[in-house]
Structures are given as structure tokens and as C-alpha cells.
Amino acid sequence: MVVNNIPQTDDILHQFDTVKVNKRRRNAFIIISMGELLDGFDILVIAGALIVLTPLFKLSTLVTSTLGAITFIGAFLGMIVLGNLSDRIGRREIFLIDLLVFGGLAIVSALVYNVYELILVRFFIGIAIGADVPTSMAYLSEISPKTSRLRWGGVLPNFMWALGAFLASLAWYFLIPIGALAWRWVFGIGAVVALVVWIARRYVPESPRWLMAHGKNTEAQKILESFGMNIADFEKNKNIQKQSIPIKTKYSELFKGTYGFVTLAVVLLVLFNGIAGPISTLLSSYLLRYVGLISIRGSLLYSVYIWTSALVGLIFAFFVMDKFSRRKLGIIAGIIQGIFAIIIAFYGATFPILLLISIIGFSFINWAIAIPLMWLWGTELFPTNLRASGQGI
């Protein structure tokens, strides 16, 4: 659409949706997704810590549960508050700051004196994670082509998440023989990973969609060009206004009218997945150790197998998911996961082999289909000025 001979920003971005992914855009996908690698690594670090620290510090059930849950409580606050802040001040500012905070706190978590200090540090780590997830997911959605948005904005970040979980499980497996200090070394590795990702992210530009939504069209145009829009594309849009009226971000819009229904639908989807998801993430090693009665090192090794199955599922999803209906895939995944969850609940303690098979099956479907869809829906269904806020909720 053209008004007064000035193309609207929607026309530019629609054109960007059809541009083939070039090297710099592909690098941006990978670097931003590496934030989820850090998230996956951290969650599985605490998964291993639950089975190591429980006997080491003689933790009660309440303290063990709190240690496992506290990161998610922090993430809850980080997603709601800082996801909205990302819509206001920019994606890049948030996804650089949260990594510095995470890295510093990862070092502190490796040096704490007792489990109560660790719980406190884990809470603030959760806030940093909560800031990164909606921000990075919004960014990935905003630079992904329409025809492969699920690949780049859903599957890739979850592949990184599963890779981080795989590496954490592997780190636990190899470091556990060193004894009581193993958990400190594993926590410390997280700081190194955060530093590497932070350095790489410094070279990623701001989201062009966010810039245009805030009236910074000239800057956005340069970034679009670096992401693959050639000179001919710009010639057709050479009259693009240098500044436009920024779109205001109102948090309350998420709960009104059409967006109110979308918010409710996404919230319910993520809520129920969040209840089921720990079967194949945070609780897998714990279940195998205390329900399946496998040794500590054996449960950690089996966790490596679980994440290998998740990675295989995500590689499959990367090449085929965009070819199918999001809704149909979600329904199929939910039914299959439900069957595996029932088997785990009613037969897992009686038949350990069935427990092992069901956790792997649940993990495969969860990561190949359910979670990529869940994460993408949270960004794809909202406009630019509400995208990170919606994902945060």
C-alpha cells in the first residue's frame, strides 16, 4: 500500500519476508539461538545438581523442590517485566545485558557456601533467562522468512536448547567422578558459555522490524540490506520516509479484543506444556535415579541419550515442519505425548524399561514438534509492538 507516494513499512517488510536467507542473516539466527543453548545448559545443570546435592547436603524434599523450581520463579518475573521492556527499548539492549548478568551469576553460583545461597542466586539467574527467552524469540521471528519461520524461529532455538542440555548432561557425566566439587565446576562452565555468546551477539544488529515500528526507518533499511535485500529492492522503495510515527507499546492491549483471545490461547498452551515438559527436562535424571533406581552416573548417562533423541527429533523437524499445518502438528503431538505420560505415571515405577522408553519417546515428540510450535506461536501471533510482551506472558 502507498499513501502520498510513500510506501508503508509493511510493504518493505513483506518484501523482506520473501528474500532468500544470506550468510549474515543465517549467522544472526545461530548467534541469537545460542542464548537458548545457555538456557538448556543451565536447566540441565540444576537437573544434575538435584541428584548430586540432595545426598551431599542432606536436603529435605522441600529444599530440593525449591532448588528445582526457583529458577522458573525468577524466569516468570523476568519474562513478564523484561519481555515488555524489550518491546520498549529494543531487542539488542536486552539480549546483551541479560547475558552479562547470567555469566556473572553463574560464577557466583559456583562459589556459594550453602544451598540457601545457591537458591537465591538461582532466582536471579532465572530473571536473566526470563529476559532472554522472549527477547531472542521475538528477534528470531522478526527476521525469519514467512515460508521458513518455524525452522528459524521455532526449531533452531530449540535445537540449541537441547544441545545445551546435552552438553550439560555430558559435563555432569564426565565430572561426577571428581567428587564433591563437581557441581561447582559444572556451574562455572555456564559462565564461559555466556561470555562466548555475549561476544558473538555484539555483532548482531537490532531487529529491523522493531526499528521500523519505532520510526527508525533509515537504520532499519541498512540492516535489511545487510540481511539480503539488494539494491534493486531499495530502488523500488527509494521514497521510503526516513522517520515515521512510532507505534506505542501498551501492555494492556494483550488482554483486550482479538489479542485477548490470542493471549489466553497461548497462555493455556504454554501452561500445560510447562506442566508436562519437566518429564523430559528437569526431572528426567531425578526420575531415573529415584524411580528407575539407576545409579547417579547411569542416570546422567541416560540423560545424554534422552537429549540425543531430542536433537535427532529437532534435526528432522528443521527440514519438514514448515511443510505442515501448525495446528494439526500440535494436536498430533499432544495425543502422543499424553499416551507416553500415562505410561510413565501408571507403569513407570513397575516396569523400569518401559519408563526409559517412554521418557525418550516423550522427549522426542516434545522437542521435535510441541516445543518449537509453542515458542513460535508466542511470537508469530502478535504484532511487533507486542511481540516480546506476548511471548513473555
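I count rings of Phe, Tyr and Trp (its six-membered ring) as a pair if their centres lie within 6.5 Å, with planes under 30 degrees apart called stacked, over 60 edge-to-face and the rest tilted. The model is predicted, so I took local features only at pLDDT of at least 70 and side-chain atom pairs only at pLDDT 80 or more, while totals for chains, interfaces and linings use all residues. Residues are numbered from 1 along each chain as its sequence is written, and side-chain values use heavy atoms, without hydrogens and water.

Entry 1, aromatic rings. I searched the whole structure and found twelve aromatic pairs. Phe57 and Trp183 have ring centres 6.2 Å apart and planes at 80°, so I list the pair as edge-to-face. I then looked up burial (buried is under 20% relative accessible area, exposed over 50%, partly exposed in between; 1.4 Å probe, protein chains only). Phe57, at 33% relative accessibility, counts as partly exposed, whereas Trp183, at 3%, counts as buried.

Entry 2, a ring cluster. I noted that ring pairs link Phe29, Trp152, Phe318 and Phe319 into a cluster. The charged end of Arg151 sits over the ring of Phe318, 4.7 Å from its centre; for this I required NZ of Lys or CZ of Arg within 6 Å of the ring centre and within 35 degrees of the ring normal.

Entry 3, the nonpolar core (buried Ala, Val, Leu, Ile, Met, Phe, Trp, Tyr and Cys residues joined through side-chain atoms within 4.5 Å). In the largest core, which has 98 residues, I found that Trp172 and Trp307 touch the most other members.
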